[in-house]
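Reader: I have a model to go through at the bench. Can we take it in short questions and answers?

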Amino acid sequence: MHVHLGKPAFSRYSVASLLATGISQLVLFGLYAWGGVGALPASVIAFAVGAVPHFVLVRWWAWGQRGVPRLTGQVVGYLVTTVVGGLVSVVLTAGVDWLVEPLLADRGVRTLVLNVTYALSGLPVFLAKYAVLDRVFAGPEAPGAAALPSEPLAGRA
């Protein structure tokens, strides 16, 4: 699978991901630091809150998709890749909380550690997720995509 990092979609996907991460970070911080919510539910909620605008931005802005025709397949593809990436973030965030809680009594410091963990945990899957979403949103059926010939050019009369 070849990833086209120079495509406008990659730049827009990156911006959408940064915005979604920022939203998730704010929610995680608010729930964990001020709301007293545990790390696992706070990171799950933060992930879900960031995923919704991310889907809208990558579908509409990054890949220019509109309307309903491919929506079901796009939602399924997005959910699968996002849930896998989200599981990594949630498990690592909750695991780090479990490890540092006995070491760091200050909840504010733990909040900072959790936010850094949450942000860094998304990096390993960032390119893989883009490659999958590029296939989901800009596949051969996407508007403007070149259709593949059903037979080799040399075999045409």
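Reader: Is Val-58 buried or exposed?
Author: This is a predicted model, where local features need pLDDT of at least 70, side-chain atom pairs count only at pLDDT 80 or more, and totals for chains, interfaces and linings use all residues. Residues are numbered from 1 along each chain as its sequence is written, and side-chain values use heavy atoms, with hydrogens and water left out. Val-58 sits in helix H2 (helices are DSSP runs of H or I, at least four residues, and strands are runs of E, at least two, numbered from the N terminus). Its relative accessible area is 0%, and buried means under 20% (exposed is over 50%, partly exposed in between, 1.4 Å probe, protein chains only), so Val-58 is buried.

Reader: Which residues does Val-58 touch, not counting those up to four places away in sequence?
Author: Contact means heavy atoms within 4.5 Å. The residues touched by Val-58 are Tyr-13, Ala-16, Trp-63, Tyr-78 and Phe-137.

Reader: What distance separates the C-alpha atoms of Val-58 and Ala-9?
Author: Along the chain, Val-58 and Ala-9 are 49 residues apart. In space, their C-alpha atoms are separated by 8.2 Å.

Reader: How many helices does the chain have?
Author: The pattern along the sequence is α-α-α-α-α. There are zero strands, and the helices number five.

Reader: What share of the chain's residues is buried?
Author: The chain has 157 residues. Of these, the buried share is 35%.
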